[in-house]
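Hi everyone, thanks for squeezing me in. Let me put the structure up, and then I'll walk you through the parts I liked.

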Amino acid sequence: METVTLTYKRPPDRVNYFQQQLLYLDDDVIVTSQRVKPSTPILQKGETVLADNFAAVWFVFTGLWYDVGKVYNLNNEWTGYYCDIMKPVKRSMNTTGELDCFEITDLFLDLWVNPDGSYEIQDEDEFEEAIQTGAIDTTLAKTARDVLNTLIVEVESGRLESRVQAVTHRMKFTDFQDYVEKLP
């Protein structure tokens, strides 16, 4: 399995690098996987749905202002989708035309989507602080909020699930459960 570097930026000046397994790549999407280390666990209906060492399969769509992480717990059970509101991905190709690394700039707002389609907005406090401190300007903040609202419409209409399923079909993955079980 090929490894690729994600350059993760968070305004005003935070930069982290993550090694991820590249699962699939085409002009429309980059699909990677990794074990996650969130800053805080996410609980939904009394259950932990995102915590240290949970597996995530990331769908990073070209030209869209969000990504989608399909999250699996330590028992390899799907717990939901974690969606980051972000600037569109930037790709960096090596001299042979293969993906060398990709870069995202996080815009603080996130959306957790449960398997039943219910959802919860995450990190609004961090988003408001970023606006207050000038880490993001009001124009970018408005764009981030608009993207979040559009994403909620996509969740409610089923379009987000359809988008993920279409990529999964192109990848010829029927289920990620067996794959994440073997993820280091």
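So, one cut-off before anything else: when I say buried, I mean under 20% relative accessible area. With that in hand, take serine 33: its relative accessibility is 1%, so serine 33 counts as buried. It sits in strand S3, residues 29–35. And what does serine 33 touch, if you skip residues up to four places away in sequence? The list is Gln20, Gln21, Leu23, Ala56, Val57, Tyr179 and Leu183.

I should say right away that this is a predicted model, so please hear everything that follows in that light.

Okay, the overall picture. The chain has four helices and 11 strands. Its radius of gyration is 16 Å, and a compact globule of 184 residues would come out near 16 Å, so the two agree. Along the principal axes, the C-alpha trace spans about 45 × 45 × 30 Å. Of the 184 residues, 47% count as buried. For the contact-map people: if you take contacts with a separation of 6 or more, 51% of them are between residues 24 or more positions apart.

Now the inside. The largest nonpolar core has 39 residues, and the ones with the most contacts inside it are Val31, Phe59, Val68 and Ile85. Which element gives this core its largest share? That's helix H2, residues 138–157, with eight residues. There is also a second, separate core of 22 residues, and Leu22, Ile42, Val60 and Leu99 are among them.

Let me zoom in on valine 31. Leaving out neighbours within four places in sequence, valine 31 is in contact with Gln21, Leu22, Leu23, Tyr24, Val57, Trp58, Phe59, Val167 and Met171.

On to the rings. How many aromatic pairs does a search of the whole structure find? Six. One of them is phenylalanine 61 with tyrosine 66, an edge-to-face pair at 6.4 Å centre to centre with 65° between the planes. Both partners are tucked away: phenylalanine 61 is at 4% relative accessibility, so it counts as buried, and tyrosine 66 counts as buried too, at 3%.

Then there's tyrosine 82 with tryptophan 112. Their ring centres are 6.4 Å apart and the planes sit at 50°, so this pair is tilted. Tyrosine 82 lies in strand S8, residues 78–86, and tryptophan 112 in strand S10, residues 99–113, so the pair ties together parts that are 30 residues apart in sequence. Tyrosine 82 is buried at 12% relative accessibility, and tryptophan 112 is buried at 0%.

Ring pairs also link Phe59, Phe61, Tyr66 and Phe176 into a cluster. Phenylalanine 61 has a charged visitor as well: the charged end of arginine 163 sits over its ring, 5.5 Å from the centre. Elsewhere, lysine 70 has its charged end over the ring of tryptophan 78, 5.0 Å from the ring centre.

Quick stop at a hairpin. Strand S9, residues 90–93, runs antiparallel to S10, and four bridges join them. Serine 92 stands opposite cysteine 101 in S10. Between the two strands there are five residues, and in this hairpin glycine 97 takes a positive phi near 85°.

Since you all check backbone angles anyway, here are the others I'd point at. The peptide bond from proline 11 to proline 12 is cis, with omega near 5°; proline 12 is in the loop between S1 and S2. Asparagine 53 isn't a glycine, yet its phi is positive, about 70°. You'll find asparagine 53 in the loop between S5 and S6, partly exposed at 35%. Aspartate 123 does a similar thing, with a positive phi of about 65°. It's in the loop between strand S11 and helix H1, and at 22% relative accessibility it counts as partly exposed.

Last one: is aspartate 27 buried or exposed? At 67% relative accessibility, it counts as exposed. Aspartate 27 lies in the loop between S2 and S3, and beyond residues up to four places away in sequence it touches Thr62 and Arg91. Measure across to leucine 74, which is 47 residues away in sequence, and the C-alpha to C-alpha distance is 32 Å.

That's my tour, happy to rotate the view for anyone.

Key:
Residues numbered from 1 in each chain as written. Predicted model: local features only at pLDDT ≥ 70, side-chain atom pairs only at ≥ 80, totals over all residues. Heavy atoms only, no water. Core = buried A, V, L, I, M, F, W, Y, C linked by side-chain atoms within 4.5 Å. Buried < 20%, exposed > 50% of the residue type's maximum accessible area, 1.4 Å probe, protein only. Contact = heavy atoms within 4.5 Å. Phe/Tyr/Trp six-rings, centres within 6.5 Å; stacked < 30°, edge-to-face > 60°. Lys NZ or Arg CZ within 6 Å of the ring centre and 35° of its normal. Pairing = 2+ DSSP bridges. Rg over C-alpha atoms; globule rule 2.2 N^0.38 Å.
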